[in-house]
Amino acid sequence: MSEPWKVTLTEISLPESDVEAVLDTLRSGWLTMGPKTLELEKAFCDYTGSAHAVAVSSATAALHMACLAAEVGPGDEVIAPALSFVADAHAGRIAGGETVLADCVSPAEPLMDPAHVESLVTERTKAIIAVHMFGYPADIDALRAIADERGIALIEDCAESDGGKLRDGSRAGTAGICGCFSFFSKTQLGVGEGGIMVTDSEEFAAELRKLRSHAMTSVTWDRHRGHAETYDVTRLGFNFRIDEPRATLAMARLARLDDELGELRRVANAYREHLAAIDGIEVPFPDEWVELSGHFAFPVLVADRETRDAVRESMHAQRVQTTFYPSLTQLSVYEPKRPEDERPVAEEIADRHFALPLSPTLDDAKIEIVVDALTSALACT
């Protein structure tokens, strides 16, 4: 067995109060889409200032549903960033349309480039999926202007930005037709699996609720409370429901989210201070965006892929865990078939970056271990 990590990529810990809350829910005898789900949705509306929230089984399901509710279908196109998780690119295709990948602004701003998005829009474009990559805010104002001018749905993927803010200080997820958040373990609201969607559109929310549960006109909790005796099914729908234990855990974590984001800002600022003096390292995003980010990851850039791989190998030998995220064009399923499908900026960022350990519990001693390991690794390249 290999030695354990000195510093892991992330640390997941649940206080005993979270465990007890989940146990109480298990003891309640109601295990899926009931009162705890409704409480979570109300709490998320309050937190984001949105009119409606719909809890679901994953952020991937949320993106799929958002495309369907935006009426994406055969012949339609959805623009998604080339540097993101594959769920963004899959969403439009699963809904029946085609995905078109947009390049990034620059290595210093590894986010969807609005100018490139605009060049990709055609009469077939039905939706734009904006991703707050690594937790940092995309240029939503520019993307919303493109979408509004052409009657295109703007969907925000906030899976890496739980609790994050947009550049104007408003909550992430509130600028487009809907925002999709994740409860995956690595996120700041991690419960294992799950997600939630917010929207100010009553019509859009109603469509999402139908799609979530087989497009039934009532669900089991409605009938249990005597609000309905039976149901109809009005279209094709899915089992994208969230269960009550996960809703309970997500609500408990939501109550601590701002405090945990404060600790993540502490870690991010400490890294930035340490790394400013190290040659060969670039830290993307402006310093002032630390206050806006949901801090899913702390990316750094080195000269090239060869350097990245050598540095990561050295850091792993020193028992400090890192990771990196490929460009979608580097995955077989989205490999470019034509030169015009290549996304050179996204691919450069993918080759040059890696993410350092990041969690609210990372103390000064562990930050020093990470920085020392990085400094030592760079010295050997």
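The residues that line the largest pocket of this predicted model divide into 15 nonpolar, 6 polar and 5 charged. The volume of this largest pocket is about 510 Å³. Its lining consists of 26 residues, and those closest to the centre of the pocket are F85, A159, E160, F184 and F296. Two elements, α3 (59-69) and α4 (86-94), give two or more residues to the lining of the largest pocket.

These two helices also touch one another. The axes of α3 and α4 come within 8 Å and cross at roughly 40°. An angle of roughly 40° is neither under 35 degrees nor in the range from 65 to 115, and α3 and α4 are therefore oblique to each other. Their crossing is right-handed. On the α3 side the contact is made by T60, L63, H64 and C67, and on the α4 side by A87, D88, A91, G92 and I94. By class, the residues of this contact are 5 nonpolar, 3 polar and 1 charged.

The next two contacts both involve helix α9. Helix α2, residues 35-48, packs against helix α9, residues 244-275, at an angle of about 25°, and their axes are 7 Å apart. Angles under 35 degrees count as roughly parallel, so α2 and α9 are roughly parallel to each other. The crossing in which α2 passes α9 is left-handed. From α2, the residues P35, K36, T37, E39, L40, A43, F44 and Y47 take part; they meet E244, A247, T248, A250, M251, L254, L257, D258 and L261 of α9. The contact of α2 with α9 holds 11 nonpolar, 2 polar and 4 charged residues.

Helix α1, residues 16-28, is the other partner to consider here; the axes of α1 and α9 come within 9 Å and cross at roughly 150°. Since angles over 145 degrees count as roughly antiparallel, α1 and α9 are roughly antiparallel to each other. In this case α1 passes α9 in a right-handed crossing. The residues in contact are D18, A21, V22, T25 and L26 of α1 with E244, P245, T248, L249, A252, R253 and R256 of α9. Sorted by class, the contact of α1 with α9 has 6 nonpolar, 2 polar and 4 charged residues.

Residues of α9 can be followed from one contact to the other. E244 and T248 of α9 are met by residues of α2, and E244 and T248 also take part in the contact with α1. Residues including M251, L254 and L261 of α9 are met by α2, while L249, A252 and R256 are among the α9 residues that make the contact with α1.

Technical notes
Residues numbered from 1 in each chain as written. Predicted model: local features only at pLDDT ≥ 70, side-chain atom pairs only at ≥ 80, totals over all residues. Heavy atoms only, no water. 1 Å grid on protein atoms, 1.4 Å probe; cavity = no way out; pocket = protein on both sides within 12 Å on 5 of 7 lines; lining within 4 Å. Points joined across faces, edges and corners; volume = space filled by probe spheres on them. Helix = DSSP H or I, 4+ residues; strand = E, 2+ residues; numbered from the N terminus. Nonpolar A, V, L, I, M, F, W, Y, C, P; charged D, E, K, R; others polar. Axes fitted to C-alpha atoms, helices over the stretch in contact; angles between N-to-C directions. Left-handed = near helix turned anticlockwise from the far one by under 90°. Contact = heavy atoms within 4.5 Å.
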